[in-house]
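Colleague: I should be grateful for a close look at one part of this model, namely the sheet and whatever lies against it. Please take me through it strand by strand.

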Amino acid sequence: MTTTPSDVDVVLPCLNEAEALPWVLERIPPGWRALVVDNGSTDGSAAIARAGGATVLHEPRRGFGAACHAGLTAATAEVVCFCDCDASLDPALLVPFVCEVRAGRADLVLGRRRPEGRGAWPPHARAGNLALARMLRRRTGLRLRDLGPLRAARREPLLALGLTDRRSGYPLQMVVRAADVGWRIEEHDVPYLPRTGASKVTGTWRGTWQAVRDMSRVLAETPAHETPAHGAPAHEPSAHEGGTLR
């Protein structure tokens, strides 16, 4: 029987996800706290999140990274997870990720998205994903297949990474900086469902272009090869393949 680790906060960045929220919140593992970070919703998402038992935070600065980081800084649990709020990913899949982090087998665990159903991953997003994979490998040596939003790590080491991107580059910056200081980064396949509602990033060419620009800026950062972030020992990066455009 699989046990559910307690003392876990799940950060759920939210912008007009009223339709998807009930499904997502119903799947938060028992004993975990859902931190829904409302990023300016106009569809009643915040009220729905409260009704579903979530702790609701408000981040007025628009941007995926702004919402994620507001959740991280508000978290108090030892382990913090991240998950999209659009019903494309099941937060219950985070249980083994947390177990792996707690057991010391990884410092950061990522979900490699496996599309299920038509429209789960637009072709232009996949093309951007492939290009990003190559750039990430050149920049860090990592061979990750994806940089998806489903992830888990310890809170204090995450804060010590000093993440600064507040737009679409936030997930990539987390991986790049973690790799620079020697974190063990692992990934596991997870089903990726067609999202509920319209995508704020890959659903439009403008959003895709902005995401590529944000991520290119992150990859241009000077590598930090000094002391590892506090609380996370230095390790050789794991060997995988690939990458993603969120």
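**The sheet and its surroundings**

Modeller: This is a predicted model. Within the sheet, Asp38 has His58 in β3 as its bridge partner. That pair belongs to the junction of β2, residues 33-38, with β3, where the two strands run parallel and are joined by 4 bridges.

The sheet as a whole is open and contains 7 strands, with mixed pairing and the order β3-β2-β1-β4-β6-β5-β7. The edges are taken by β3 (55-58) and β7 (185-192); each has a single partner strand, so one side of each has no neighbour in the sheet. From one strand to the next, the twist averages 20°.

Moving inward from β3 and β2, one comes to β1. The pairing of β1 with β2 is parallel and extends over 6 bridges; here Val11 stands opposite Leu35 of β2. On the β4 side, β1 again runs parallel to its partner, with 4 bridges between them. Val8 has Val79 in β4 as its bridge partner.

The surroundings of β1 deserve particular attention. In a regular strand, side chains alternate between the two faces of the sheet. Val8, Val10, Leu12 and Cys14 point one way from β1, while Asp9, Val11 and Pro13 point the other way. Buried here means under 20% relative accessible area, and 7 of the 7 residues of β1 are buried, so the strand is largely enclosed by the rest of the structure. Asp9 is therefore among the buried residues, as are the valines Val8, Val10 and Val11.

Two helices that touch the sheet complete the picture. Helix α3, residues 64-74, lies across β1 (8-14), β2, β3 and β4 (79-82), and runs at about 155° to β1. Helix α7, residues 170-180, also packs on the sheet, where it touches β4, β5 (108-115), β6 (151-154) and β7. The direction of α7 makes about 135° with that of β5. β4 is thus in the list of strands for α3 and in that for α7.

One side-chain arrangement may be added: Arg113 lies over the face of Tyr192, at 5.0 Å from the ring centre. A search of the whole structure for aromatic pairs finds 0.

As wider context, the protein has 8 helices and 7 strands, and 54% of its 246 residues count as buried. Among contacts between residues at least 6 apart in sequence, 80% join residues at least 24 apart. The protein exposes about 10,800 Å², of which carbon and sulfur atoms supply 53%.

How values were computed. Residues numbered from 1 in each chain as written. Predicted model: local features only at pLDDT ≥ 70, side-chain atom pairs only at ≥ 80, totals over all residues. Heavy atoms only, no water. Pairing = 2+ DSSP bridges. Axes fitted to C-alpha atoms, helices over the stretch in contact; angles between N-to-C directions. Contact = heavy atoms within 4.5 Å. Buried < 20%, exposed > 50% of the residue type's maximum accessible area, 1.4 Å probe, protein only. Areas by Shrake-Rupley, 256 points an atom, 1.4 Å probe, with all protein chains shown as cover. Phe/Tyr/Trp six-rings, centres within 6.5 Å; stacked < 30°, edge-to-face > 60°. Lys NZ or Arg CZ within 6 Å of the ring centre and 35° of its normal.
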